Amino acid sequence: MPQRAFGDLVPELRLVAVEAFQRACHFVERDPILTGQDREFLKRLMSDKIRQGVNTGEHDMLRLADGAISRARQLAQEKGKLRAAA
């Protein structure tokens, strides 16, 4: 998914985005707040958030990953906004 999601970015930004995505996914897999959530939905949500960050000038991999994780957690804590896995 990361290569497809970030394939149109210039190579150096694609590397940053892919690394941020992989770190965010690694964290989310172990996050108790996100346990039982639809993983594919979370991945799409995080890739969109990372892309948004890159497009607005953020190029720090850790800040991109943190923003994606924060968005996923925010939605999980707001009742009814994040779909649970079937």
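**A four-helix model and its contacts**

E29 counts as partly exposed, with a relative accessibility of 49%. This residue makes a convenient point of entry to the structure, which is a predicted model. The side chain of E29 meets that of R30 in a salt bridge, with 3.4 Å from N to O. R30, for its part, counts as exposed, at 54% relative accessibility. E29 also appears among the residues that line the largest cavity, a feature taken up further below.

The overall architecture can be put briefly. The secondary structure comes to four helices and zero strands, and from the N terminus on the elements follow the order α-α-α-α. The protein has 86 residues, of which 35% are buried.

Helix α2 can be described first by its length and then by its faces. For its 18 residues, a rise of 1.5 Å a residue predicts a span of 26 Å, and the end C-alpha atoms are 25 Å apart, which agrees. Its buried residues are L13, A17, V18, A20, F21, A24, C25 and V28. Viewed down the axis of α2, these buried residues fall within an arc of 165°, so they line one face of the helix. The other side of α2 carries the exposed residues E12 and L15. R14 is also part of helix α2; with a relative accessibility of 22%, R14 counts as partly exposed, because the buried class is reserved for values under 20%. Along the chain, R14 and V54 are 40 residues apart, while their C-alpha atoms are separated by 9.2 Å.

Helix α4, which covers residues 61-77, lends itself to a parallel description. With 17 residues, α4 reaches 24 Å from its first C-alpha to its last, close to the expected 24 Å at 1.5 Å a residue. Its buried residues are M61, L64, A65, A68, I69, A72 and L75. They cover an arc of only 130° around the axis, which puts them on the same side of α4. L62, R63 and Q77 are exposed on the face of α4 that is turned away from its buried side.

One of the buried residues of α4, A72, also leads to a loop elsewhere in the chain. Q37 has its place in the loop between α2 and α3. Although their positions lie 35 residues apart along the chain, the C-alpha atoms of Q37 and A72 are separated by 9.9 Å. Is Q37 buried or exposed? With 14% relative accessibility, Q37 counts as buried, because this value is under 20%.

Salt bridges offer another view of how the parts of the model meet. The count comes to six, including the pair of E29 and R30 already described. Another of them joins R51 to D8, whose closest N and O atoms are 2.6 Å apart. R51 lies in helix α3 (residues 39-55), whereas D8 lies in the loop between α1 (2-6) and α2 (11-28), so this pair ties together parts that are 43 residues apart in sequence. D8 itself counts as exposed, at 62% relative accessibility. A further salt bridge brings together the side chains of E58 and R63, with 3.2 Å from N to O. In this pair, E58 is partly exposed, with a relative accessible area of 24%, and R63 is exposed, with 54%. R63 was met above on the face of α4 turned away from its buried side.

The last feature is an internal one. How many cavities of 30 Å³ or more does a search of the whole structure find? The search finds one. The largest cavity has a volume of about 40 Å³, and its lining consists of C25, V28, E29, R39, L42, K43 and M46. The elements that give two or more residues to this lining are α2 and α3. Of these, α3 gives the most, with four residues. By character, the lining divides into four nonpolar, no polar and three charged residues. C25 and V28, both of which line the cavity, belong to the buried residues of α2. E29, the starting point of this description, is a lining residue of the cavity and a partner of R30 in a salt bridge.

Methods
Residues numbered from 1 in each chain as written. Predicted model: local features only at pLDDT ≥ 70, side-chain atom pairs only at ≥ 80, totals over all residues. Heavy atoms only, no water. Salt bridge = Lys/Arg side-chain N within 4 Å of Asp/Glu carboxyl O. Buried < 20%, exposed > 50% of the residue type's maximum accessible area, 1.4 Å probe, protein only. Expected span 1.5 Å × (residues − 1). Arc of directions from axis to C-beta. 1 Å grid on protein atoms, 1.4 Å probe; cavity = no way out; pocket = protein on both sides within 12 Å on 5 of 7 lines; lining within 4 Å. Points joined across faces, edges and corners; volume = space filled by probe spheres on them. Nonpolar A, V, L, I, M, F, W, Y, C, P; charged D, E, K, R; others polar.
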